[in-house]
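Colleague: Please take a close look at the interior of this model and describe how its nonpolar residues are grouped.

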Amino acid sequence: MANALKRFIPMFDRVLIERAEAMTKTRGGIVIPEKAQQKVLKGMVVAVGPGSRTEKGDLVPLAVKVGDQVLLPEYGGTKVEIEEKEYHLFRESDLLAKIEHNDFHK
């Protein structure tokens, strides 16, 4: 699957995101029903485009890079399936924040 992601290059200022998994169990081991699970608003950047262009044609690089953890809007993005795995494509300006700590999957 890594080869398919390496070949997938988003256009302009678009960013391909893998959403974090929804929490299905509490720390105490209680299983959370699917209807009660909160929508996951965190994700990891797996591919980025080269950036947008100014009116003069200069390239404006993106502020995020592959491996960055980001905060996503509740709605938006385009669902993309690559080798039976679901990703979401966002414009960089749609991303809410870059997360600097390492508790992405907690």
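**The nonpolar interior**

Modeller: The protein chain exposes about 7,700 Å² (Shrake-Rupley method, 1.4 Å probe; for residues, only the protein chains shown count as cover), and carbon and sulfur atoms supply 52% of that area. This is a predicted model, in which local features need pLDDT of at least 70 and side-chain atom pairs count only at pLDDT 80 or more, while totals for chains, interfaces and linings use all residues. Residues are numbered from 1 along each chain as its sequence is written, and side-chain values use heavy atoms, with hydrogens and water left out.

One helix and eight strands make up the secondary structure (DSSP runs numbered from the N terminus: helices H or I, at least four residues; strands E, at least two). Their order from the N terminus is α-β-β-β-β-β-β-β-β. Of the chain's 106 residues, 31% are buried (under 20% relative accessible area, 1.4 Å probe, protein chains only).

The largest nonpolar core (buried Ala, Val, Leu, Ile, Met, Phe, Trp, Tyr and Cys residues joined through side-chain atoms within 4.5 Å) comprises nine residues: V15, I17, V45, L62, V64, V70, L72, F90 and L95. Apart from it lies another core of seven residues, including V46, V80, Y87 and L89.

Within the nine-residue core, L62 is in contact (heavy atoms within 4.5 Å) with D13, R14, V15, V48, G49, G51 and E92, leaving aside residues up to four places away in sequence. H88 belongs to strand β7, residues 85-91. H88 counts as buried because its relative accessibility is 10%. With the same sequence neighbours excluded, H88 touches V15, L16, I17, R19, T78 and K79; V15 and I17 are among the members of the largest core. Across the chain, 65% of the contacts with a separation of 6 or more join residues 24 or more positions apart.

Notes. Buried < 20%, exposed > 50% of the residue type's maximum accessible area, 1.4 Å probe, protein only.
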